[in-house]
Amino acid sequence: MGSSHPRAGHVGAEGEAPEVHKLHKAVAHMARSMGRYGGVLLQAAAAWDGNVFFAGAAGNLTYGSQTSEISAADSFEVASITKMVTATVVMQLVDEGRVQLDEVWRSVAGGKLEAKVKAHVPTWPSERFGDFTVAELLQHTSGLPNYWDDDSDFIKAFEADPDRLWTTWELLSYAAEMKSSCSPQQRGRPDAFSYADTNYLLLGLMVEQLDQETLPKIFRRRVFDPAGMSRKDTYCEFLEERPAGAAPLASRYLGKLQITGKKQHSADSFAAGGIVSTAGDLEKFMKALASGKLFPINGHATLQKMMTWIPAKRGTGWWYGLGLMRCLAICCWKSPKSQG
């Protein structure tokens, strides 16, 4: 593909490899199957050298708009890929000796972090939630509940007020009223896995406490800039202003509800899901992560720690590490060099 970025409805250039042509058609078909509310962007690259095998997109940036075709260069909310960035920063802090993976969260920063949470969330139940560790937060085995669970009080409040600007403290206050997802005896075991944004809100607060800086500045200094990611196309939504000249932003929907740009969408930000980026910038992040470049002290040894897998309870072939997810994929790509 090189550096070309075909726009919506394009199924590839004349003379391209049959496999690439099929991928373009598959992307276009998937976009059509989603109706007027969907767009599809697919970019495949080798993490070890950044070589792009395929880049294509189909659909629209915004519902019903036939003039806002999405391209592979456009930006989008990366959602829980944000957790990978947060986990990368946490592992850098571990390498620096400023926190330990087996350290009980309430003891981090001499207990100042827990004191800060309890000051902002008086109902935070330290005794009931127990002594979870930094590693358990990273791997979702802490037992903390997920305020995004269906029919939770938070979901009802979220849907009721599209103009509400949410804070991290408010989100934690809803989690504080929920039951733990596992027993204290089960915590930290593979069968305790229960995906929860609550874990990564606490990790984000921990990172800010230890670095004494805001999360966007930490992400920029520790991850975005070292990986060579764009200063205008990659940023933290709601935590900083959208940079001038940023790539067009695809709209995000919950069913037919468009939430991009609405204040209520601030509930899906901070360290659990707030980054906006492009496929090209995410490729740079993955390359820097896979190469060990983002871990200047211990390199690949730190990445190997992150790849300590447990079943992710999403069916066969899904595992979760320390901020990383692994899935068993059936690869349909066949290199032209391997043909014949």
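**Exercise 1: Getting your bearings**

How many helices and how many strands are there in the chain?

*Solution.* Keep in mind that you're looking at a predicted model. Step through the secondary structure and you'll find 12 helices along with 10 strands. Now look at burial: of the chain's 340 residues, 49% are buried. Finally, take the contacts with a separation of 6 or more: 69% of them join residues 24 or more positions apart.

**Exercise 2: Two cysteines and a count**

Work out whether Cys236 and Cys327 are buried, partly exposed or exposed, then give the number of disulfides.

*Solution.* Start with Cys236. Its relative accessibility is 1%, so it counts as buried, because the cut-off for buried is under 20%. Next comes Cys327, with a relative accessible area of 41%. That value lies between 20% and 50%, so Cys327 is partly exposed. Last step, the disulfides: a pair of cysteine sulfur atoms has to be within 2.5 Å to count, and the tally here is 0.

**Exercise 3: Into the core**

Find the residues with the most contacts inside the largest nonpolar core, then follow one of them outwards.

*Solution.* The largest nonpolar core holds 70 residues. Those with the most contacts inside it are Trp124, Val134, Leu138, Leu202, Met206, Leu289 and Met306. Let's pick Leu138 and skip its neighbours within four places in sequence. Leu138 then touches Ala87, Val90, Met91 and Leu101. Further along the chain, it also meets Tyr200, Leu203, Tyr320, Gly321, Leu322 and Gly323.

**Exercise 4: Two helices crossing**

Describe how helix α3 packs against helix α8.

*Solution.* First, locate them: α3 covers residues 112-120, and α8 covers residues 197-211. Their axes are 10 Å apart, at an angle of about 120°. That angle is why α3 is called oblique to α8. As for handedness, the crossing is right-handed. Now for the residues that meet: α3 brings Lys112, Leu113, Lys116 and Val117, while α8 offers Leu202, Leu205, Met206 and Gln209. Did you spot Leu202 and Met206 again? Both are on the list of residues with the most contacts inside the largest nonpolar core.

**Exercise 5: Far in sequence**

Place Val85 in its helix, judge its burial and work out its partners.

*Solution.* Val85 belongs to helix α2, residues 81-95. With 4% relative accessibility, it counts as buried. Leaving out neighbours within four places in sequence, Val85 is in contact with Phe219, Val223, Phe224, Ile275 and Phe285. Take Phe285: it sits 200 residues from Val85 in sequence, yet their C-alpha atoms are 8.7 Å apart in space.

Key. Residues are numbered from 1 along each chain as its sequence is written. This is a predicted model: local features need pLDDT of at least 70, side-chain atom pairs count only at pLDDT 80 or more; totals for chains, interfaces and linings use all residues. Side-chain values use heavy atoms; hydrogens and water are left out. Buried means under 20% relative accessible area, exposed over 50%, partly exposed in between (1.4 Å probe, protein chains only). A nonpolar core is a set of buried Ala, Val, Leu, Ile, Met, Phe, Trp, Tyr and Cys residues joined through side-chain atoms within 4.5 Å. Contact means heavy atoms within 4.5 Å. Axes are lines fitted to C-alpha atoms, for helices over the stretch in contact, and angles run from 0 to 180 degrees between N-to-C directions. Helices (H or I, at least four residues) and strands (E, at least two) are DSSP runs, numbered from the N terminus. Angles under 35 degrees count as roughly parallel, over 145 as roughly antiparallel, 65 to 115 as roughly perpendicular and the rest as oblique. A crossing is left-handed if the near helix is turned anticlockwise from the far one by less than a right angle, and right-handed if clockwise.
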